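Got your viewer open? Let's take a walk through this structure, one selection at a time.

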Amino acid sequence: MQAFTVEMLLAVTRECAGDPDETISAAEVRSSTFRDLGYDSVALIEVIARISHEFDLTIPDDVAPEDRTPENLAALINTALTEDSPCRRTSTTPSTSKHRSTSSGG
């Protein structure tokens with residue numbers, strides 16, 4: 001199985017909640033908190049819901065607070081995809097969905 005990368009997480013985040021705060025450099029995005037990137041809890045709920053659905057995971061709401069970094073959250077999701085963790089698979093069969101959904105329009 002392909003690893004869940006920070007870039008994949010940020011792509012989903014951009015789709016759900018827009019681009020990060022413009023004052024933070026691209027190099028800082030990986031290790032900045034979601035709060036520092038300008039994302040609020042509502043944005044993160046949407047991101048977590050999308051990832052949960054696409055990867056067949058149950059991710060508790062308290063796992064992705066605004067003070068978590070994209071690197072932290074991507075690592076947590078990777079762990080969930082490979083072993084037991086707070087983010088449990090919702091079924092025993094592997095998910096067949098891709099990491100990004102195709103949307104029509106823009």
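## First stop: a loop

Start by selecting D56, which sits in the loop between α3 and β1 (57-58). Keep in mind that you are looking at a predicted model. Check the backbone here: D56 has a positive phi of about 55 degrees, although it is not a glycine. That is worth a pause, because most residues other than glycine have a negative phi. Is D56 buried or exposed? D56 counts as buried because its relative accessibility is 17%, and the cut-off for buried is under 20%.

## Zoom out

Now show the whole chain as a cartoon. You should find four helices and two strands, and if you follow the sequence they come in the pattern α-α-α-β-α-β. The protein has 106 residues, and 37% of them count as buried. Switch on a surface if you like: the accessible surface comes to about 6300 Å², with 49% of that belonging to carbon and sulfur atoms. As for how the chain meets itself, take the contacts with a separation of 6 or more: 71% of them are between residues 24 or more positions apart.

## Next: an aromatic pair

Two aromatic pairs are present in the structure. To see one of them, select F4 and F55, whose rings meet edge-to-face, 5.2 Å centre to centre and with 90 degrees between the planes. This pair joins distant parts of the chain: F4 belongs to the segment before α1 and F55 to helix α3, 51 residues apart. Both partners are tucked away. F4 counts as buried because its relative accessibility is 2%, and F55 counts as buried because its value is 10%.

## Along helix α1

Move on to α1, residues 6-17. This helix has twelve residues and reaches 16 Å from its first C-alpha to its last, close to the 16 Å expected at 1.5 Å a residue. Colour V6, M8, L9, L10, A11, V12 and T13, which are buried. What covers them? Among the elements over the buried residues of α1 are α2 (26-29), α3 and α4. Before leaving, click on G18, just after α1, where phi is positive at about 90 degrees.

## Stay with L9

Select L9, which is found in helix α1. Why does L9 count as buried? The reason is that its relative accessibility is 0%. Show its surroundings and, leaving aside neighbours within four places in sequence, you'll find L9 in contact with F4, F34, V47, I51, P70, L73 and A74. Try the distance tool on L9 and L73: their C-alpha atoms are separated by 8.2 Å, though the two residues are 64 residues apart along the chain.

## Last stop: the core

Which residues touch the most other members of the largest nonpolar core? They are F4, L9, I51 and I77, in a core of 26 residues. Highlight α1, α3 (41-55) and α4 (70-82) too, since each supplies at least two residues of this core.

Finish on I77. Not counting residues up to four places away in sequence, I77 touches F4, I51, L57 and I59. You've already met F4 in the aromatic pair with F55, and I51 as one of the contacts of L9. Show these side chains together for a closing view of the core.

How values were computed: Residues numbered from 1 in each chain as written. Predicted model: local features only at pLDDT ≥ 70, side-chain atom pairs only at ≥ 80, totals over all residues. Heavy atoms only, no water. Core = buried A, V, L, I, M, F, W, Y, C linked by side-chain atoms within 4.5 Å. Buried < 20%, exposed > 50% of the residue type's maximum accessible area, 1.4 Å probe, protein only. Contact = heavy atoms within 4.5 Å. Expected span 1.5 Å × (residues − 1). Phe/Tyr/Trp six-rings, centres within 6.5 Å; stacked < 30°, edge-to-face > 60°. Areas by Shrake-Rupley, 256 points an atom, 1.4 Å probe, with all protein chains shown as cover.
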